[in-house]
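Open the model in your viewer and keep the sequence panel visible. The stops below say what to select next and what is there.

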Amino acid sequence: AFIIEESSGRKWADKTMNLAINAIRRAQETEEAIETLKGQGPDDLTELVLTLGSQMVVLAKQASTLDEAREYLTQSIESGKALEKFLKTVEYDKQHNSIDLSNTYSNIGFCYLYLKQYDKAEEYFFKSLDLANQLSIKHQIAIINYGLADLKLKQNRLNDAADYSKKNLKAVTEIGSFDLLREAHQKAFEIYNTKKQYPEAIEHLNQSMAYTDSLFNETKVKEL
């Protein structure tokens, strides 16, 4: 598999692009966080969670020693309570304004996506998309369509995946971010490669690599 990841108006556009880029990266990192809370995460991250978490538990006076705190956290992960608490925390800010709510729904959607609870993921993606469309939040629309494309790909509903991929590409093209365009074309490549539509897959792969080169050159120019 291929892996591709000073006017006020200009500043606002840059901020919007950064929000979109960071949101997609956070979504991609959600899988690792959830796997850790399920007890199946990387050893180094699991150890970090247990070490820092144990100190917090002792500071909160929920355990007398670090060993006792570590055992408490280990049992919470094994019983599923840690993951349940995480999902409740993600849902906590539902009372905030519509922009935050759209972002919350999107985050919950990605959580369920990585848990392979696809019906729930789709439900929350659509809730987020409805608010994002009402408020014309382009970066959020791009993120959600990316998530829906990935969801349909995982369900092997490839025509639907291609449709959402096109919507994702349209949204990120309007935003104009090379980083988001690279990610969008990479996802489109995965979809068309799975569909065995190889000319389309190659076209998207080339586009993704072109944006990767553009980002590399842009970084070099800034360094100079």
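Start with Asn 168, which is buried, at a relative accessible area of 2%. Buried means under 20% relative accessible area, exposed means over 50%, and partly exposed lies in between, with a 1.4 Å probe and protein chains only. Asn 168 belongs to helix α8. Show its surroundings: leaving aside neighbours within four places in sequence, Asn 168 is in contact with Ala 142, Asn 145, Tyr 146 and Ala 184. Contact here means heavy atoms within 4.5 Å.

Before going further, note how to read the model. It is a predicted model, in which local features need pLDDT of at least 70 and side-chain atom pairs count only at pLDDT 80 or more, while totals for chains, interfaces and linings use all residues. Residues are numbered from 1 along each chain as its sequence is written, and side-chain values use heavy atoms, with hydrogens and water left out.

**The whole chain**

Colour by pLDDT, the predictor's confidence in each residue, from 0 to 100. The mean for the chain is 81, and 79% of its residues reach 70 or more. Now switch to a cartoon view: the chain has ten helices and zero strands. Helices (H or I, at least four residues) and strands (E, at least two) are DSSP runs, numbered from the N terminus. Among the elements, helix α8 (residues 158-175), where the tour began, has the highest mean pLDDT, 95, and helix α1 (residues 8-37) has the lowest, 58.

Select residues 1-13. pLDDT stays under 50 over this stretch, for which the model has 16 contacts beyond four places in sequence. Where pLDDT is low, the predicted coordinates should not be read in detail.

Turn on the surface. The accessible surface of the chain comes to about 13300 Å², and 52% of that belongs to carbon and sulfur atoms; the areas come from the Shrake-Rupley method with a 1.4 Å probe, and for residues only the protein chains shown count as cover. Of the 224 residues in the chain, 43% are buried.

**The nonpolar core**

Which residues touch the most other members of the largest nonpolar core? Select Leu 113 and Phe 125: these two do, in a core of 54 residues. A nonpolar core is a set of buried Ala, Val, Leu, Ile, Met, Phe, Trp, Tyr and Cys residues joined through side-chain atoms within 4.5 Å. Leaving aside neighbours within four places in sequence, Leu 113 is in contact with Tyr 118, Ala 121, Phe 125, Gly 147, Asp 150, Leu 151 and Lys 154.

**The tyrosine cluster**

A search of the whole structure finds four aromatic pairs. Rings of Phe, Tyr and Trp (its six-membered ring) pair if their centres lie within 6.5 Å; planes under 30 degrees apart count as stacked, over 60 as edge-to-face and the rest as tilted. Show Tyr 105 and Tyr 124, a tilted pair with 5.8 Å between centres and 45° between the planes. This pair links distant parts of the chain, with Tyr 105 in helix α5 (residues 98-114) and Tyr 124 in helix α6 (residues 118-135), 19 residues apart. Both residues, Tyr 105 and Tyr 124, are buried.

Add Tyr 112, which is stacked with Tyr 124 at 5.9 Å centre to centre and 20° between the planes. Tyr 112 is in helix α5, twelve residues from Tyr 124 in helix α6, and Tyr 112 is buried too, as is Tyr 124. Ring pairs thus link Tyr 105, Tyr 112 and Tyr 124 into a cluster.

Keep Tyr 124 on screen and show Lys 127. The charged end of Lys 127 sits over the ring of Tyr 124, 4.7 Å from its centre; the test asks for NZ of Lys or CZ of Arg within 6 Å of the ring centre and within 35 degrees of the ring normal.

**Back along helix α5**

Select Ser 102, which is found in helix α5. Is Ser 102 buried or exposed? Ser 102 is buried, with a relative accessible area of 0%. Leaving aside neighbours within four places in sequence, Ser 102 is in contact with Ser 128, Leu 131, Ala 132 and Gln 140.

**Two loops**

Most residues other than glycine have a negative phi, and most peptide bonds are trans. Go to Lys 61, where phi is positive, near 60°. Lys 61 lies in the loop between α2 (43-59) and α3 (66-79) and counts as exposed at 75% relative accessibility.

Finish at Asn 156, which is not a glycine but has a positive phi of about 65°. Asn 156 lies in the loop between α7 (138-154) and α8 and is exposed, with a relative accessible area of 53%.
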